[in-house]
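Visitor: Could you take me closely through the charged side chains at one end of this chain, and then follow the contacts outward from there?

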Amino acid sequence: MFSLTGNSKNIIDIKRLINRAAEYQLPVLITGECGTGKEVVARSIYSKKGSGEFVAVNCSAIPKELVESELFGYEKGAFTGANSNKKGKVEAAEKGVLFLDEIGELELSVQPKLLRLLQEMEYTPVGSTKIKKADFRLVCATNRDLHKMVKQGSFREDLFYRINGLTINVLPLRERVKDIPVLLELFLKKYSDIYNKKGLTFSEKTVRSLKEYDWPGNVRQLQTYVEREVCFADDKIISHIPDSMLISKRNKERTFDLKQIEKETIIRCMKKNKNNIKLSSELLGISRASLYRKIKEYDIEV
Ligand SMILES: Nc1ncnc2c1ncn2[C@@H]1O[C@H](COP(=O)(O)OP(=O)(O)OP(=O)(O)O)[C@@H](O)[C@H]1O
Ligand SMILES: [Mg+2]
């Protein structure tokens, strides 16, 4: 796993939040599309902690009957097959970080068990009568819209507020284009070392095209792209982009993307007015506050 890399406003803000959050025990909720780097963010929160373990639990991978024994552990004889005591993830994460990945997939019926743990910071292993104290930093991640799930009744509101002490939203790669060259370099270096290929670079034109591509699989897709190109490179200069990626880009160009048009208009306007917010907002016919909000939303560099 890599450390959190990028120089877009989004990544810089996230690093700042992580540093701030390190001083407190607030639970952190990390949101973002698939492959944006939510786990990288979670591990980077852990790296500031300096004690205990990083224990990851993938909520979508545990059948609901096993959630309790997985989290809380069990005692010998608690059920058929329980031949010895087993520590749960909560105990394993003592003084460290408990990372509940894909928290949005946790079945409604088991959500109260988690809520109880977070409220009391106490739990009872399956088949035991002894209450144990829990002590961990909670970090959750999801690519689902939990707000919407709460409204639809598939995620408990009380649990949502419990896990959402601080939200970190990792933007999709297409909204932080500035990170693309940096990440290309990072992975190029890594895979050049692994595959023992020296002196590889991307052509400028390729980097430009890759910055325009919409990366539906985000950083994970970019990483796989670089690995493949390094493997197959016959030339020192990489200038190949798979057809599948070109088609997707062309489709994007054909659609009318209002947000993209708005973003580009703001960038042009700000440039013209040398980043003067007052002038730009007047010219765009919106308030200064909305202009600030949009600059933040679109991750526009000013
Ligand atoms: N900012 C970053 N710096 C370095 N590597 C990154 C960054 N973001 C993502 N990666 C790399 O991209 C891959 C995907 O990241 P990660 O697993 O954290 O994404 P995710 O958001 O948890 O994805 P999913 O929603 O599919 O679980 C990993 O191999 C990770 O090392
Ligand atoms: Mg993940």
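Guide: Aspartate 13 has a relative accessibility of 24% and therefore counts as partly exposed (buried is under 20% relative accessible area, exposed over 50%, partly exposed in between, with a 1.4 Å probe and protein chains only). This is a predicted model, in which local features need pLDDT of at least 70 and side-chain atom pairs count only at pLDDT 80 or more, while totals for chains, interfaces and linings use all residues. Residues are numbered from 1 along each chain as written, chains are lettered from A and ligands numbered from 1 in written order, and side-chain values use heavy atoms, without hydrogens or water.

Aspartate 13 forms a salt bridge with lysine 9, the closest N and O atoms lying 3.1 Å apart (a side-chain nitrogen of Lys or Arg within 4 Å of a carboxyl oxygen of Asp or Glu). Both residues belong to helix 1, residues 9–21, and because they are 4 residues apart, about one helical turn separates them (helices, H or I of at least four residues, and strands, E of at least two, are DSSP runs numbered from the N terminus). Lysine 9 is likewise partly exposed, with a relative accessible area of 28%. The pair does not stand alone, since Lys9, Asp13 and Arg16 are linked in a network of salt bridges.

From lysine 9 one can step to aspartate 299, which is found in the segment after helix 14 (288–297). Aspartate 299 is buried yet has no salt bridge, and the nearest side chain of opposite charge, that of lysine 9, is 5.4 Å away (Lys and Arg count as positive, Asp and Glu as negative, and His and the chain ends are not counted). Leaving aside residues up to four places away in sequence, aspartate 299 touches Ser8, Lys9, Asn10, Leu171, Glu175 and Arg176 (contact means heavy atoms within 4.5 Å).

Two other charged pairs are useful beside the one in helix 1. In the first, glutamate 39 forms a salt bridge with arginine 43, with the closest N and O atoms 3.0 Å apart; these two residues lie 4 residues apart in helix 2 (residues 38–47), so about one helical turn separates them. Glutamate 39 is partly exposed, with a relative accessible area of 24%, and arginine 43 counts as partly exposed at 34% relative accessibility. In the second, aspartate 158 forms a salt bridge with arginine 156, and there the closest N and O atoms are 2.8 Å apart. Aspartate 158 counts as partly exposed at 32% relative accessibility, as does arginine 156 at 29%. A search of the whole structure finds 18 salt bridges.

Helix 5 (residues 111–120) shows another kind of environment, with Gln111, Leu114, Leu115, Leu117 and Leu118 as its buried residues. Seen down the helix axis, these fall within an arc of 160°, so they line one face of helix 5 (the arc is that of the directions from the helix axis to the C-beta atoms). Among the elements covering them are helix 3 (67–72), helix 7 (157–163) and strand 6. Just after helix 5, methionine 121 takes a positive phi of about 50°.

Strand 6 (residues 137–142) is itself mostly covered, with 6 of its 6 residues buried. Both of its faces are covered, Arg137, Val139 and Ala141 being buried on one side and Leu138, Cys140 and Thr142 on the other.
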